[in-house]
Amino acid sequence: MDLFGNFGSSADLGSSIGLKTTGNQFWNLTPAELVEDTILTEKEFINKSAEELIQSRPTAINLKWAVDRMMNKLSGINSDQILNIALKEAKEICDEDEKFCENIGINGLKIIEEIYNKKKETVNILTHCNAGWLATINWGTATSPIYHAHKKGIPVHVWVDETRP
């Protein structure tokens with residue numbers, strides 16, 4: 001799994017900390033932001049980044065959960081350890097999220113299979129706030145049962161009435 005390739009994931013904070021502390025900039029800073037970031041202490045930077053991530057997607061409950069989890073993990077950590085601890089925690093969050101979403105799909109597949117076995121034709125699925133790879137790792141939440149059904153050869157038709165970053 002490529003942590004840095006999944007910035008829509010719930011491990012954004014750990015990845016952001018890793019990028020910032022290794023000198024790799026994921027985002028373009030304005031001159032004012034660059035000055036501000038150099039003045040901030042590491043703890044202030046982490047707190048500011050955590051708040052900005054939460055505010056960037058206020059309805060993304062799993063993002064807030066992951067940021068809060070990361071902040072709890074990093075509280076009281078010495079700065080020479082923070083990068084490794086943050087990256088380890090980000091990987092754990094990603095691995096857990098992938099498994100959770102896979103399990104959502106396995107459970108949702110049972111419902112899709114029941115419908116397909118009754119209808120014997122394409123199963124129509126409506127998703128709202130389509131939580132796929134932008135929000136989670138690999139399977140997605142709303143999309144996971146759809147992927148599992150497709151893998152089993154069950155024909156599905158999906159209507160997506162809202163999707164957003």
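This passage describes helix packing, nonpolar cores and cysteines in a predicted model.

Two packed helices are described by the angle between their axes and the distance between the axes. For helix α5 (residues 79–119) and helix α6 (residues 144–151), the axes come within 7 Å and cross at roughly 65°. This crossing of α5 and α6 is right-handed. On the α5 side, the contact is formed by C101, E102, I104, G105, I106, G108, L109 and I112, and these residues meet S144, P145, I146, H148 and A149 of α6. By residue class, the contact of α5 with α6 consists of eight nonpolar residues, four polar residues and one charged residue.

The largest nonpolar core has nine residues in all: F45, I46, A66, M70, L74, I82, A86, A90 and I93. Helices α3 (42–56), α4 (61–74) and α5 each contribute at least two residues to this core. The largest share, four residues, is supplied by α5. There is also a second, separate core of seven residues, with L109, I112, I146 and A149 among them. These four residues also appear in the contact between the two helices, L109 and I112 in α5 and I146 and A149 in α6.

The cysteines C94 and C101 were also examined for burial. C94 counts as buried because its relative accessibility is 1%, below the 20% limit that is used for buried residues. C101 has a relative accessible area of 1% and is therefore buried; C101 is also one of the α5 residues that meet α6. A search of the whole structure finds zero disulfides.

Methods: Residues numbered from 1 in each chain as written. Predicted model: local features only at pLDDT ≥ 70, side-chain atom pairs only at ≥ 80, totals over all residues. Heavy atoms only, no water. Disulfide = S-S within 2.5 Å. Buried < 20%, exposed > 50% of the residue type's maximum accessible area, 1.4 Å probe, protein only. Axes fitted to C-alpha atoms, helices over the stretch in contact; angles between N-to-C directions. Left-handed = near helix turned anticlockwise from the far one by under 90°. Contact = heavy atoms within 4.5 Å. Nonpolar A, V, L, I, M, F, W, Y, C, P; charged D, E, K, R; others polar. Core = buried A, V, L, I, M, F, W, Y, C linked by side-chain atoms within 4.5 Å.
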